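Here are my notes for you, written as a set of numbered points. Keep the structure open while you read, and find each residue as it comes up.

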Amino acid sequence: MGLVRIKVRELAAEKGWTFKEVSERSGVVYNTVKHYARTPGLTTVDFTCLRKLARTFDVMIEDLVEILEE
């Protein structure tokens, strides 16, 4: 099973948003946003949340996710 990192921290910083603002703008639960931003490597993610975050940051899902290990 591979590991991925979600680039929430970097994208939020570029926009000048807090994690709470990302949560409110995207509709993704705050704890999920915080978890994605603070966890260096995840084995599973909620694709619906990724889609919402990508739309919020106006990026493709591929730009939101960094593959750490395949």
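What follows is a walk through some helices, an aromatic pair and a handful of single residues in this predicted model.

1. Start with how two helices meet. The axes of α2 and α4 come within 9 Å and cross at roughly 105°. An angle of 65 to 115 degrees counts as roughly perpendicular, so that is the label for α2 against α4. To find the two helices on your screen, look at residues 19-26 for α2 and residues 47-57 for α4.

2. Which residues make the contact between α2 and α4? From α2 you get Val22, Arg25 and Ser26, and from α4 you get Lys52, Leu53, Thr56 and Phe57. Sorted by class, this contact has 3 nonpolar, 2 polar and 2 charged residues. So don't picture it as purely greasy: polar and charged residues take part too.

3. Serine 26 deserves a closer look, as one of the α2 residues in that contact. Its relative accessible area is 10%, and buried means under 20%, so serine 26 is buried. Leaving out residues up to four places away in sequence, serine 26 touches Lys52, Leu53 and Thr56. For a sense of spacing, serine 26 and leucine 50 sit 24 residues apart in sequence, with 9.8 Å between their C-alpha atoms.

4. What does the side chain of serine 26 reach? One partner is the backbone oxygen of valine 22, at 2.8 Å. Another is the backbone nitrogen of valine 28, at 3.1 Å. Try drawing both distances in your viewer; the two partners are backbone atoms.

5. Now go back a little to serine 23, which is also in helix α2. Is serine 23 buried or exposed? With a relative accessible area of 11%, serine 23 is buried. Its side chain reaches the backbone nitrogen of tyrosine 30, at 3.2 Å. Setting aside neighbours within four places in sequence, serine 23 is in contact with Val28, Val29, Tyr30 and Val33.

6. Next, the aromatic rings. How many aromatic pairs are there? The count comes to 1. The partners are tryptophan 17 and phenylalanine 57, with ring centres 5.7 Å apart and planes at 25°. Planes under 30 degrees apart count as stacked, so this pair is stacked. It links distant parts of the chain: tryptophan 17 is in the loop between α1 and α2, phenylalanine 57 is in helix α4, and they are 40 residues apart. Both tryptophan 17 and phenylalanine 57 are buried. You've met Phe57 already, in the contact of α2 with α4.

7. Move on to threonine 39, in the loop between α3 and α4. Threonine 39 is buried, with a relative accessible area of 18%. A polar atom of its side chain lies 2.7 Å from the backbone oxygen of histidine 35. Histidine 35 itself is in helix α3 and is partly exposed, at 41% relative accessible area. So this polar contact joins a buried residue to a partly exposed one.

8. Aspartate 58 is a nice one for checking backbone angles. Most residues other than glycine have a negative phi. Aspartate 58 is not a glycine, yet has a positive phi of about 60°. You'll find aspartate 58 in the loop between α4 and α5. At 69% relative accessibility, aspartate 58 counts as exposed.

9. Two more residues round out the set. Arginine 51 is in helix α4 and is partly exposed, with a relative accessible area of 36%. Arginine 51 and isoleucine 61 are 10 residues apart in sequence, and 6.6 Å separates them in space, C-alpha to C-alpha. Glutamate 14 belongs to helix α1 and counts as exposed at 66% relative accessibility. The C-alpha atoms of glutamate 14 and lysine 34 are 16 Å from each other, with their places 20 residues apart along the chain.

Key:
Residues are numbered from 1 along each chain as its sequence is written. This is a predicted model: local features need pLDDT of at least 70, side-chain atom pairs count only at pLDDT 80 or more; totals for chains, interfaces and linings use all residues. Side-chain values use heavy atoms; hydrogens and water are left out. Helices (H or I, at least four residues) and strands (E, at least two) are DSSP runs, numbered from the N terminus. Buried means under 20% relative accessible area, exposed over 50%, partly exposed in between (1.4 Å probe, protein chains only). A polar contact is a pair of N or O atoms within 3.5 Å; within protein, one must be able to donate a hydrogen and the other to accept it, and residues adjacent in sequence count only if both atoms are side-chain atoms. Contact means heavy atoms within 4.5 Å. Rings of Phe, Tyr and Trp (its six-membered ring) pair if their centres lie within 6.5 Å; planes under 30 degrees apart count as stacked, over 60 as edge-to-face and the rest as tilted. Axes are lines fitted to C-alpha atoms, for helices over the stretch in contact, and angles run from 0 to 180 degrees between N-to-C directions. Angles under 35 degrees count as roughly parallel, over 145 as roughly antiparallel, 65 to 115 as roughly perpendicular and the rest as oblique. Ala, Val, Leu, Ile, Met, Phe, Trp, Tyr, Cys and Pro count as nonpolar, Asp, Glu, Lys and Arg as charged, and the others, Gly among them, as polar.
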